[in-house]
Amino acid sequence: MSRNLELFERGKKSIPGGVNSPVRAFGQVGGTPRFVKRAEGAYFWDADDKQYLDYVGSWGPAIVGHAHPDVVRAVQEAAVGGLSFGAPTEGEVLIAEEIRKLLPSVEQVRLVSSGTEATMSAIRLARGFTGRDLIVKFEGCYHGHSDSLLVKAGSGLLTFGNPSSGGVPADCTKHTLVLQYNDVEQLDKTFREIGDQIACVILEPIAGNMNLIQPSAEFVQALRSLTEQHGAVLIYDEVMTGFRVALNCAQGLHGIKPDLTTLGKVVGGGMPLAAFGGRADIMACIAPLGNVYQAGTLSGNPLSVAAGLATLKLIQQPGFHAELGRRTARLAQGLADAARAAGVTMSSDSVGGMFGFYFSEHAPKSYAEATRCDIERFKRFFHAMLDEGVYLAPSAYEAGFVSSAHSDDLIEQTLAAAARALSRV
Ligand code: PMP
């Protein structure tokens with residue numbers, strides 16, 4: 001029996017579903033999850049010592065590759081000095097300054113330990129600042145698993161969302177309005193009718209949780225101008241896109257100054273670290289300055305801050321994102337070319353170090369379009385690539401991630417593997 005299967009069966013006895021986060025269980029693609037023994041650069045090795053070229057990268061954090069020596073050294077050095085203090089450290093000041101330097105919209109920033117905490121806190125803050133209850137999110141965008149965000153669209157425009165998870169009272173989602181990504185008309189109508197009751201709009205400025213979906217320029221502009229006109233807080237959830245799509249994030253690419261930004265993944269370099277920040281007048285509402293409560297025993301953990309600082313330093317090397325973006329674009333384009341050569345319908349897209357491929361004629365523009373892709377073909381392709389030693393996200397609705405350790409050679413090897421895999425799907 002494979003050691004992966006053995007661990008999975010054994011794990012299921014002690015851990016629900018054998019995993020500590022659902023998508024790891026291979027629920028959509030079927031088969032046995034790979035248990036990671038160790039990882040280095042662009043690769044990881046599973047419990048059977050089989051090597052995989054990794055395009056998940058811990059779902060985004062591993063932008064400089066796994067176990068980068070600078071990041072590992074920073075964490076080791078920090079560990080020697082103590083693991084957690086529950087008192088402020090110099091590192092927290094340094095990383096806050098670094099984030100402010102890279103993101104001009106962020107005048108003040110607070111550190112937390114997960115993306116979920118960052119978005120949950122940003123929403124509480126927006127509500128506290130505006131004195132309003134309603135929040136707007138977009139179908140298919142994921143912002144972590146806090147109650148008010150686990151919601152699916154209501155039956156009509158301006159009907160509030162229903163819980164998308166057990167254990168979430170309808171009372172918790174009754175203030176959440178779910179709109180369609182890239183639908184400017186619907187957004188406009190919503191703001192005309194109830195704009196003055198909306199505390200905030202939260203979005204993935206480049207969506208990566210319904211596969212990769214880019215917003216139109218009109219959508220991005222409408223979001224900024226409508227929220228501004230109506231006194232609502234615009235929250236760019238850059239947990240995934242932050243420092244990955246560009247050094248100055250999606251907001252830099254869009255030329256938009258959001259009121260609040262949430263960060264995670266890359267900012268912690270693979271350690272549990274996330275952040276929310278933005279306008280100083282809004283951030284002043286957070287305790288201890290203001291009356292919006294937010295706290296954390298491990299917030300700004302010294303090991304996480306050390307990993308984050310080391311990673312932020314590496315990605316500021318000249319040309320880092322240009323090179324990463326070039327290789328990622330080559331991968332995305334190469335996948336679509338290989339599919340065409342194999343007579344398989346596929347399109348693809350990429351931004352910076354993030355990519356998507358879709359078993360459909362065109363890149364989708366909304367959740368509804370994303371769900372129309374050929375899932376059965378995706379599953380066959382996923383497993384064919386796994387057999388080839390290439391680890392893609394085990395879900396058709398997730399973006400892929402490239403790191404600076406994915407050399408041109410490795411990208412070409414991946415495309416050769418894809419050509420073989422596509423001939424079998
Ligand atoms: N926001 C976005 C855009 C995300 O992609 C994620 C996680 N994939 C989260 C929030 C939640 O982050 P975490 O898993 O660290 O709680």
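A residue is called exposed here if 12 or fewer other C-beta atoms lie within 10 Å of its own, and buried if 20 or more do. With that in hand, welcome to a set of close-up views of a predicted model.

**View 1. Arg10 sits in helix H1 and is exposed.** Helix H1 covers residues 3–14, and Arg10 is found within this helix. Arg10 has 11 C-beta neighbours inside 10 Å, so this residue counts as exposed. For a sense of scale, look across to Leu303: Arg10 and Leu303 are 293 residues apart in sequence, and 31 Å separate their C-alpha atoms in space.

**View 2. The model comes with scores for confidence.** The average pLDDT of the protein is 97, and 99% of the residues score at least 70. The model also has an ipTM of 0.99 and a pTM of 0.98. As a general reading tip, predicted coordinates should not be read in detail where pLDDT is low.

**View 3. Domain 1 meets domain 2.** Domain 1 takes in residues 3–63 together with 318–422, while domain 2 is made of residues 69–314. Taken over C-alpha atoms, the centres of domain 1 and domain 2 are separated by 25 Å. Where they touch, 24 residues of domain 1 are in contact with 24 residues of domain 2. On the side of domain 1 that touches domain 2, strand E13 (347–351), strand E14 (354–358) and helix H12 (367–370) are the elements giving two or more residues. Strand E14 gives the most to this side, with 4 residues. Sorted by class, this side of domain 1 has 14 nonpolar, 7 polar and 3 charged residues.

**View 4. Lys265 carries an annotation in UniProt.** An unreviewed UniProt entry lists Lys265 for "modified residue: N6-(pyridoxal phosphate)lysine". Lys265 lies in the loop between strand E11 (260–263) and strand E12 (274–278). Because Lys265 has 27 C-beta neighbours inside 10 Å, this residue counts as buried. Apart from neighbours within four places in sequence, the contacts of Lys265 are Trp59, Gly60, Pro61, Val239, Met240 and Gly242.

**View 5. A shell of residues surrounds the ligand.** There are 16 residues around the ligand, and those that come nearest are Ser114, Gly115, Thr116, Gly144 and Val239. Helix H4 (residues 115–130) gives the most to this shell, with 3 residues. By class, the shell has 5 nonpolar, 9 polar and 2 charged residues.

**View 6. Ser113 is buried in a loop.** You will find Ser113 between strand E4 (108–112) and helix H4. Ser113 has 21 C-beta neighbours inside 10 Å and so counts as buried. Leaving aside residues within four places in sequence, Ser113 is in contact with several residues, including Pro272, Leu273, Ala274 and Gly296. Leu103 is 10 residues from Ser113 in sequence, with 20 Å between their C-alpha atoms.

**View 7. Three loops show backbone details worth a look.** The peptide bond from Ala287 to Pro288 is cis, with omega near 10°; Pro288 is in the loop between helix H9 (280–283) and helix H10 (302–314). Ser58 is a residue other than glycine with a positive phi, near 60°, and lies in the loop between strand E3 (51–54) and helix H2 (69–80). Ser58 has 16 other C-beta atoms within 10 Å, so this residue is partly exposed. Asn182 also has a positive phi, near 70°, and is placed in the loop between strand E8 (176–179) and helix H6 (184–194). With 21 C-beta neighbours inside 10 Å, Asn182 counts as buried.

Definitions and conventions:
Residues are numbered from 1 along each chain as its sequence is written. This is a predicted model: local features need pLDDT of at least 70, side-chain atom pairs count only at pLDDT 80 or more; totals for chains, interfaces and linings use all residues. UniProt positions are given in the numbering used here, feature names are shortened, and annotations may be inferred rather than shown by experiment. Two residues are in contact if their C-beta atoms, placed from the backbone, lie within 7 Å. pLDDT is the predictor's confidence in each residue, from 0 to 100. A residue is near a molecule or strand if its C-beta atom, placed from the backbone, lies within 6 Å of it. Ala, Val, Leu, Ile, Met, Phe, Trp, Tyr, Cys and Pro count as nonpolar, Asp, Glu, Lys and Arg as charged, and the others, Gly among them, as polar. Domain bounds come from an automatic or database domain assignment.
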